[in-house]
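Visitor: Please walk me through this one, and tell me what each term rests on. I'll keep asking about the cut-offs.

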Amino acid sequence: LDRGRALSLCLTVPHGVLSDQKGGMWIADTFNAKIRKVDKHGRATTVFGGRCNNISWVCKQNGPASKVKLSLPIAVKPSPQGLLITDAGTHRVLLLHNNRVSVIAGDGNPGFSGDGGRAQSARLHSPQDAVFYQGQILIADGGNCRLRLINKKGIIKTIAGEGTSIESCQEHIDS
């Protein structure tokens, strides 16, 4: 369903939801790989997304929203520039503004790299959230067990977490 009643949506493991402050909401419909909008009258629209069918999950994620594919959108958050969307499956953070999508962090490959350089060239691993913070953007880089910051110049750096594996962190908590 791309247009219709919100009650008729077949949501599949939605993770993120955000009020639009006008009686509507945005939904990160995670396993359907879509960002959806529900207006105050309960009408639902798919804003963008659809399953990225590329075997390596590298999808076109810059340009008109109608052309952008997703893998596992997790969170939708407001920013002065538009909506921040974390796509854990493509290891990127995206910005939706004026019906256009741009990559603001992540090169599309899982891993850790890029501190001190351009955020779009950095490697993230399954980012779980991104929020606007004091004119900058904070990213919960889940698979890297780190909190990373993109400054106003677009440079990324780790500001919390030593980057140990999830398993190592769990062993530390359990002992």
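Guide: Let's start with strands: a strand is a DSSP run of E with at least two residues, a helix is a run of H or I with at least four, and both are numbered from the N terminus. Two strands count as paired if DSSP finds at least two bridges between them. Before we go on, this is a predicted model, where local features need pLDDT of at least 70, side-chain atom pairs count only at pLDDT 80 or more, and totals for chains, interfaces and linings use all residues. Residues are numbered from 1 along each chain as its sequence is written, and side-chain values use heavy atoms, with hydrogens and water left out.

Visitor: How many helices and strands does the protein chain have?

Guide: By those DSSP runs, 1 helix and 14 strands.

Visitor: What makes β12 and β13 a pair?

Guide: The bar is at least two bridges, and β12 (residues 136-141) and β13 (residues 146-150) share 5, running antiparallel, so they pass. A140 sits across from L147 in β13, and D141 faces R146. The hairpin between β12 and β13 has 4 residues between the strands, and C145 there has a positive phi near 55°.

Visitor: How do you know that β11 and β12 pair?

Guide: Same test: 5 bridges join these antiparallel strands, and at least two are needed, so the pair holds. Y133 is opposite Q136 in β12. Their hairpin has 2 residues between the strands, and Q134 takes a positive phi near 50°.

Visitor: Which strands make up the open sheet, and in what order?

Guide: β11-β12-β13-β14, 4 strands with antiparallel pairing. β11 (129-133) and β14 (156-160) each have a single partner strand, so they are the edges, and one side of each has no neighbour in the sheet. From one strand to the next the twist averages 30°; such angles are taken between N-to-C directions, run from 0 to 180 degrees, and use axes fitted as lines to C-alpha atoms, for helices over the stretch in contact.

Visitor: How do you know that β6 and β10 pair?

Guide: That one has 2 bridges between β6 (residues 63-64) and β10 (residues 100-105), antiparallel again; the rule asks for at least two, so it counts. P64 has R100 as its bridge partner in β10. β10 also pairs antiparallel with β9 (residues 92-97), over 5 bridges, with L95 opposite S102.

Visitor: What is notable about phi in N99?

Guide: N99 isn't a glycine, but its phi is positive, about 65°. Most residues other than glycine have a negative phi. N99 lies in the loop between β9 and β10, a hairpin with 2 residues between the strands, where N98 also has a positive phi, near 50°. H91 is another non-glycine with a positive phi, near 60°, placed in the loop between β8 (82-87) and β9.

Visitor: Why is H91 called buried?

Guide: Buried means under 20% relative accessible area, exposed over 50%, and partly exposed in between, with a 1.4 Å probe and protein chains only. H91 has 10%, so it is buried. In β12, 5 of the 6 residues are buried, and across the 175 residues of the protein chain the share is 43%.

Visitor: Is K37 buried or exposed, and what is the value?

Guide: Its relative accessible area is 18%, so K37 is buried by the cut-off above. K37 belongs to strand β4 (residues 34-38). Leaving out neighbours within four places in sequence, its contacts (heavy atoms within 4.5 Å) include D20, W26, R43 and V47.

Visitor: What makes the largest pocket a pocket, and how much space lies in it?

Guide: On a 1 Å grid over the protein atoms alone, a pocket is an open set of points with protein on both sides within 12 Å along at least five of seven lines, whereas a cavity is a set where a 1.4 Å probe fits but cannot get out. The largest pocket holds about 220 Å³, the space filled by probe spheres set on the points, which are joined across faces, edges and corners.

Visitor: How many residues line the largest pocket?

Guide: 17 residues, with I104, I137, I150, N151 and G154 nearest its centre; a lining residue has an atom within 4 Å of a point. β10 and β12 are the elements that give two or more residues to this lining.
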